[in-house]
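Biologist: Before I trust words such as "buried" or "salt bridge", I would like to hear how each is justified. Could you take me through the reasoning step by step?

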Amino acid sequence: MKLQRMNRRALALGALAVSGALALTACGSDETGNPDGGASNAAAPSNIKCDDASGQVLADGSSAQKNAVDAWVKQFSAACQVEINYKAGGSGAGVTAFTQGQVPWAGSDSALKPDEVEASKKICSGGQGIDLPMVGGPIAVGYNVPGVDKLVLDSATIAKIFDSKITKWNDPAIAKLNPDAKLPDLKIQAFHRSDESGTTDNFTKYLIATAKKDFPYEGGKAWQAKGGQSAPQSSGVAAQVKQTAGAIGYFELSYAKDGIKTVAIDTGAAEPVEATVDNATKAIAEAKVVGTGKDLALKLNYATKADGAYPMVLVTYEIVCDKGNKSETLPAVKAFLRYAASEDGQKILAENDYAPMPDEIITKVRTTVESLS
């Protein structure tokens, strides 16, 4: 009888694994076009702590971290009997869904604003929404200019391009930064996000911090500059850049796939800085925690001129109630966030073109996750 029970359990677990794999295939192909979302194929870590986690968890938010979440989910669901369905509708949509009580956690590339924290108190019984920095990485500026394999730009030139002040690829400002490139007399097609996005927020924060004269806007999740074309989510902008001659756009490095070239940034350092995970980590290491209590919102130094520090970075926060989480989803959310913040969870980021959080920051995140109630 004991052997029969073990066989039945093995069959049940096998069915769950197949079901989870099918669910992930559908989820990953929706945003990235990659059936496994770019996730690592490594076996699930054996030390994932599932606790009493079970059932299904719906979440929404940042498309910037979707490839990271897909990688986490693949490992977590293989170890725990939990289905994580992350919609990745954008940071704005995620925060709204969270503050309206539609999802127990959300992803956002911008920390909660005071009015959003206030709104969260209505759904976090006795508590409020907090920001847990979990995913880092460079915002790559991808381009499609035939015959140009390497391109250097500075913040002022990028600002003018995305504000329709520089409209041709052979403009003198671009030529000055790229004396060895054969720049064509080709119209620039600048693509920005059509949806509210933390990626846009961080991209424009960089331009405002370093080229305010050439980018005279307040910034935020919604695009404000003049002209250009738009596309939804990071995957949409990347797709337009890939298929449009003369195109340029911004998106996370994990979307710079299939031959999309990225710009090196002239920050004033000794050499132009490439968009890489290591270079992003160097910039994020300069961040300061400015949140209060259990909130771990960060202030990034977009104007860094340190050698090898790529300044155009973002940090994605997992937004969750510090207290008053719903009892039916708390075990699963807590277990998932524990894994995401773990050494194994952070290690998988670098394998998918994201930057792990610096030790000082992720240690605080781990402590906070354990205190969620």
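Modeller: Let us begin with a definition: a residue is called buried when its relative accessible area is under 20%, exposed when that value is over 50%, and partly exposed in between. Please keep in mind that this is a predicted model.

Biologist: What makes R338 buried or exposed in these terms?

Modeller: The relative accessible area of R338 is 14%, and because buried means under 20%, R338 counts as buried.

Biologist: Why is the contact between D51 and R338 called a salt bridge?

Modeller: The closest N and O atoms of D51 and R338 are 3.1 Å apart, and since a side-chain nitrogen of Arg has to lie within 4 Å of a carboxyl oxygen of Asp, the pair is a salt bridge. D51 sits in the loop between helix 1 (2–31) and strand 1 (55–61), whereas R338 belongs to helix 10 (residues 330–341), so that the salt bridge links distant parts of the chain, 287 residues apart.

Biologist: Why does D51 count as partly exposed?

Modeller: The relative accessibility of D51 is 43%, and because partly exposed covers the values between 20% and 50%, D51 is given that description.

Biologist: How do you know that E370 forms a salt bridge with R338?

Modeller: For E370 and R338 the closest N and O atoms are 2.7 Å apart, and because the cut-off is 4 Å, this pair is a salt bridge as well. E370 lies in helix 12 (residues 359–370) and R338 in helix 10, so the pair ties together parts that are 32 residues apart in sequence. E370 is partly exposed, with a relative accessible area of 39%.

Biologist: What joins D51, R338 and E370 into one network?

Modeller: Salt bridges that share partners do so: R338 pairs with D51, and R338 also pairs with E370. A search of the whole structure finds 11 salt bridges.

Biologist: Turning to the aromatic rings, why is the pair of W223 and Y250 called stacked?

Modeller: The structure holds 12 aromatic pairs. In the one formed by W223 and Y250, the ring centres are 5.8 Å apart and the planes make an angle of 25°; because centres within 6.5 Å make a pair and planes under 30 degrees apart count as stacked, this pair is stacked. Both W223 and Y250 are buried, and they belong to one aromatic cluster together with F162, F203, F215 and Y217.

Note on methods
Residues numbered from 1 in each chain as written. Predicted model: local features only at pLDDT ≥ 70, side-chain atom pairs only at ≥ 80, totals over all residues. Heavy atoms only, no water. Phe/Tyr/Trp six-rings, centres within 6.5 Å; stacked < 30°, edge-to-face > 60°. Buried < 20%, exposed > 50% of the residue type's maximum accessible area, 1.4 Å probe, protein only. Helix = DSSP H or I, 4+ residues; strand = E, 2+ residues; numbered from the N terminus.
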